[in-house]
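Visitor: Please guide me through this model, and explain the terms as they arise.

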Amino acid sequence: MPKIPLIDVKAQYSPLADELKARFAEVLESGQFILGPNVKAFESEAAAKLGVAYSIGCGNGTDAISLVLSALEIGPGDEVICPAFTFYATAEPIAQLGATPVFADIERETMNIDPVDVARKITPRTKAIMPVHLFGRPAKTDELTKHGLPVIEDAAQAFGGAGVAQKGIAATFSFFPTKNLFCLGDGGLVATSDEALAERVRMLRFHGSRDKKLFEYVGYNSRLDEVQAAMLRVFLNHVDRWNSLRREGAARYAELGLGDLVELPADEPGHVYHLFCVRSPERDKFRDALAAAGIGHACHYVVPLHLQPSMAHLGYKQGDLPETELAADENLCLPLWGGISREQQERVIATLRDAAATPGP
Ligand SMILES: Cc1ncc(COP(=O)(O)O)c(C=O)c1O
């Protein structure tokens with residue numbers, strides 16, 4: 001039986017190989033590799049797609065977060081509220097800048113940050129709130145902006161999700177190759193409609209300078225390169241279609257009866273299914289069956305951020321974020337990408353069905 005990957009990135013970009021090669025040849029011919037015309041064009045095309053006034057390319061999604069936090073002058077003594085059920089890169093830049101990540105619990109239903117717990121955790125030191133649009137599902141940003149604090153959307157997993165980048169002061173994206181919009185290496189983006197913030201981020205990505213002569217801030221060297229920007233301009237034309245195909249794949253899992261075996265992610269129109277993440281108290285049994293069948297899968301954030309060794313000084317303990325910890329134990333991501341076939345999905349379900357029928361140890 002052929003293996004089924006968790007995400008088949010190559011299946012998405014292979015049909016575009018000729019166009020990608022032509023764009024690559026143009027960059028090669030131009031001899032310009034850093035902050036050239038493709039970055040500029042991609043920034044305006046991405047801003048238009050996201051419905052924001054400005055977007056600024058950078059090295060990766062982690063740097064995008066660092067750039068926004070730095071531009072907001074967040075540092076020692078400041079607190080930023082974020083979820084603990086997310087990739088480490090959500091909180092790392094907060095700590096890197098000497099500020100304190102304050103972890104809020106997630107909602108059972110959406111696995112996104114819980115606005116009620118966020119409200120409980122706001123203190124006079126809170127300088128920003130950072131929801132994550134986890135697995136492609138837009139977080140409840142509207143309920144977070146009402147506190148009057150800057151809301152930074154970690155949108156690494158949610159390019160094209162409904163309302164994403166339009167409600168917070170800024171949204172940050174990763175173009176890591178498995179993301180909904182991806183490049184062929186590392187890349188990132190900050191999207192914002194705040195002119196002053198955009199200007200500051202643009203300077204910070206180049207050592208805090210406008211002109212290479214005066215250095216007004218201590219910044220970063222974090223740039224999207226021309227080759228990646230040229231690839232991204234091609235992929236940007238396909239991201240809506242890929243997102244629709246992901247949504248179709250998610251609906252097909254439900255039609256095929258997956259909901260009889262595991263808890264399905266609650267659907268909503270703006271969800272772009274970066275990952276198709278189900279839940280089950282018997283997660284480990286299903287995980288082992290998928291592994292034995294050569295089917296890609298992932299259990300995410302099994303050690304949530306509040307329990308990571310690097311965050312031990314913050315004093316969290318097991319039991320502090322019950323929904324986060326339960327999701328860490330129960331989540332299981334199943335294969336999904338823009339173009340997964342019905343047969344592949346049937347095989348995933350058949351494997352889980354066999355596992356469900358097998359008595360546990
Ligand atoms: C939620 C989240 N935030 C931030 C990042 C960081 O992105 P990058 O890997 O491009 O630095 C990722 C990517 O893995 C992510 O999933």
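Guide: In this predicted model, helices H2 and H9 cross in a right-handed way. H2 covers residues 17-30 and H9 covers residues 226-236; their axes are 9 Å apart, at an angle of about 145 degrees.

Visitor: What makes H2 and H9 helices in contact, and which residues meet?

Guide: Contact requires heavy atoms within 4.5 Å. On the H2 side, Glu-19, Leu-20, Arg-23, Phe-24 and Val-27 take part, and they meet Glu-226, Val-227, Ala-230, Met-231, Val-234 and Phe-235 of H9. The residues of this contact comprise eight nonpolar, three charged and no polar ones.

Visitor: Why is the pair formed by Gly-61 and the ligand called a polar contact?

Guide: A polar contact is a pair of N or O atoms within 3.5 Å. A backbone N or O atom of Gly-61 lies 2.8 Å from an oxygen atom of the ligand, so the pair qualifies.

Visitor: How do you know that Asp-154 and Ser-174 also make polar contacts with the ligand?

Guide: The side chain of Asp-154 has an N or O atom 2.7 Å from a nitrogen atom of the ligand. For Ser-174, a side-chain N or O atom is 2.7 Å from an oxygen atom of the ligand. Both pairs therefore meet the limit of 3.5 Å.

Visitor: How much of the ligand does the protein bury?

Guide: The protein buries 91% of the 390 Å² that the ligand exposes when taken alone.

Definitions and conventions. Residues numbered from 1 in each chain as written. Predicted model: local features only at pLDDT ≥ 70, side-chain atom pairs only at ≥ 80, totals over all residues. Heavy atoms only, no water. Axes fitted to C-alpha atoms, helices over the stretch in contact; angles between N-to-C directions. Helix = DSSP H or I, 4+ residues; strand = E, 2+ residues; numbered from the N terminus. Left-handed = near helix turned anticlockwise from the far one by under 90°. Nonpolar A, V, L, I, M, F, W, Y, C, P; charged D, E, K, R; others polar. Polar contact = N/O pair within 3.5 Å; in protein donor to acceptor, adjacent residues only side chain to side chain. Areas by Shrake-Rupley, 256 points an atom, 1.4 Å probe, with all protein chains shown as cover.
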